[in-house]
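Here are some short exercises to work through with the structure open beside you. Try each task before reading its solution.

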Amino acid sequence: MEQYQTIVIGGGAAGLMAAITSAKQGFKTAIIEKNKALGRKILVTGNGRCNLTNTGISPDKYYGQNTKCLHSIFNRFSSKDAMAFFEQLGVQLKTEESGRIFPVTNQASTIVDLLIEEINRLEIKTCLQESVKNLVFSKNGWKVETYKGEYQADNVILAVGGKSYPLLGTTGDGFVMAHKLGHRIVEPRPALVPLELVGNWFHKLQGVKSDVDLILTMQGKTVAKEAGELIFTHYGISGPIVLNLSRLLVDYLGKPGSEVFISFFPTQDVEGLKGLLSRRWLAHPQKTLANSLIGLLPKKLCDVLTAELKLPEKQVNQLTKKELEFIAERLVRWPIIIKRPRSFDEAMVTAGGVAMDEVNTRTMESLKAKGLYLAGEILDIDGVSGGYNLQFAWSTGYIAGLQGYLPIVANVYKDNLKSFTQGQKGDKLN
């Protein structure tokens, strides 16, 4: 039976960071990965460009039953630390809109290639196409049983991801393992996911894009609002604002008093839109309502919305004040009914997972099983899009990789572990 000080289960973002951090302390480290290659999910992040972090990382960008723990997690390994880590590997970075950080190559493969190069440099054992079937704790530490063999480790880091992108191997195995070891699992569900709508009015709009406000209300009061690009699909809606609000929208789905609206004129209220439309109609009184909106909205959207209003062919000089009021009210608060989120196949991340109150977030060690550490998407934390979920993976992977040892130099990664490359360690955290 092969002996290791650290075995990392999962070769994604959190697992690779954990393995590198462990090996830099001098721990003999191995990665067990069920896929044929490391970092497969990293390759699809940021539309293949890898939005690896964000300059605006803060707990209010995340969801979960306990997000307060994120203050200490990000204090221990921040977005600046993540950038320093990747720059040390040789990645040149750039900052784009909304603080999103990308490699200048615009290729996620850059990140994966350099992480694997570091894995090889540190002589970390990589066991590919090998699935774990059982984890057993004994007086000698952990026995990791796979379908190919058995391994012994002092510590195990569980970083197998959630259930999103199951074709890339994240099929929820980690939840089963963690549950067997005594952990409570907050129900996993799709997050950062497109949404299916009730009805069929949007079917003809497939592929149409529009800058809108997406608004969630409860008992008439606004709970959340997101501005940006919405994309219509044959089943409903997608696009950046839909993905970011999907977590809340799904959580409120079916709750009495909750409503969802699209504002097709996000800079206008009802009175402002009434004035805008009146001026256009005075200038072109013979136009139909649908044609009068061309130039303000995409043509297909004009046709479909006015058809839904039952006024597509009516000339604007025939419209009454009551009809103008009705049109303006609907265009700034167009009601939609969400049927359900799309499946995990289309979700970017998983909501839910191992409850954070069962993890020591100073070390990422399980409070249920000594020597078991957890990192990344397996945990009940998920963020909005924009590099937030990868940062959580880097941060928790780093902390788990320390396995309770406090570095002599805190924070900035490029200085963090210099003292540990010969196996010298700092103080053990309790």
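**Exercise 1: Neighbouring strands and their hairpins**

Leu216 has Ala224 as its bridge partner in strand 14. The model is a predicted one.

Task: Find which strand is joined to strand 14 by 10 bridges, and in what direction the two run.

Solution:
- Start from the bridges. Strand 13 (residues 209–218) and strand 14 (residues 221–232) are joined by 10 of them, and the two run antiparallel.
- Next, look at the turn. The hairpin of strand 13 and strand 14 has two residues between the strands, and Gln219 takes a positive phi near 55° there.
- Then move on to strand 15 (residues 236–238), which runs antiparallel to strand 14 and is joined to it by two bridges. Ile231 has Ser238 in strand 15 as its bridge partner.
- Finally, check the link: the hairpin from strand 14 to strand 15 passes through three residues.

**Exercise 2: A sheet of three strands**

Task: Work out which strands stand at the edges of the open sheet with the order 3-6-5.

Solution:
- Read the order. The open sheet has three strands, 3-6-5, with antiparallel pairing.
- Strand 3 (53–54) and strand 5 (93–95) each have a single partner strand, so each stands at an edge with one side left without a neighbour in the sheet.
- As background, strands of a sheet pair through backbone hydrogen bonds, either parallel or antiparallel.
- Now take one pair in detail. Strand 5 and strand 6 (residues 100–103) run antiparallel and are joined by three bridges. Within strand 6, Pro103 is the bridge partner of Leu93.

**Exercise 3: Placing Asn155**

Task: Decide whether Asn155 is buried or exposed, and list what it touches.

Solution:
- Locate the residue: Asn155 lies in strand 10 (residues 150–158).
- Apply the cut-off. Buried means under 20% relative accessible area. Asn155 has 17%, so it counts as buried.
- List the contacts. Leaving out residues up to four places away in sequence, Asn155 touches Gln5, Thr6, Ile7, Trp142, Gly371, Tyr373 and Gln403.

**Exercise 4: A cavity and a pocket**

Task: Find which element gives the most to the lining of the largest cavity, and which gives the most to that of the second largest pocket.

Solution:
- Begin with the cavity. The structure holds one cavity of 30 Å³ or more, and the space in the largest cavity is about 30 Å³.
- Its lining consists of Tyr63, Ala191, Leu192, Leu243, Asn244, Arg247, Asp382, Gly383 and Val384. Sorted by class, that lining has five nonpolar, two polar and two charged residues.
- Helix 6 (240–251) and strand 23 (382–383) each supply at least two lining residues; helix 6 gives the most, with three.
- Turn to the second largest pocket, with a volume of about 180 Å³. It is lined by 13 residues, of which Ser258, Glu259, Val260, Ile336 and Ile337 are the closest to its centre.
- Strand 16 (258–263) and strand 17 (334–336) each supply at least two residues of this pocket's lining, and strand 16 gives the most, with four.
- By class, the pocket lining divides into 10 nonpolar, two polar and one charged residue.

**Exercise 5: The whole chain**

Task: State how many helices and strands the protein chain has, and what share of its residues is buried.

Solution:
- Count the elements: there are 12 helices and 25 strands.
- Of the 430 residues, 56% are buried.
- The C-alpha atoms fill a box of roughly 85 × 40 × 35 Å along the principal axes.

Technical notes
Residues are numbered from 1 along each chain as its sequence is written. This is a predicted model: local features need pLDDT of at least 70, side-chain atom pairs count only at pLDDT 80 or more; totals for chains, interfaces and linings use all residues. Side-chain values use heavy atoms; hydrogens and water are left out. On a 1 Å grid over the protein atoms alone, a cavity is a set of points where a 1.4 Å probe fits but cannot get out, and a pocket is an open set with protein on both sides within 12 Å along at least five of seven lines; lining residues have an atom within 4 Å of a point. Grid points are joined across faces, edges and corners, and a volume is the space filled by probe spheres set on the points. Ala, Val, Leu, Ile, Met, Phe, Trp, Tyr, Cys and Pro count as nonpolar, Asp, Glu, Lys and Arg as charged, and the others, Gly among them, as polar. Two strands pair if DSSP finds at least two bridges between them. Buried means under 20% relative accessible area, exposed over 50%, partly exposed in between (1.4 Å probe, protein chains only). Contact means heavy atoms within 4.5 Å.
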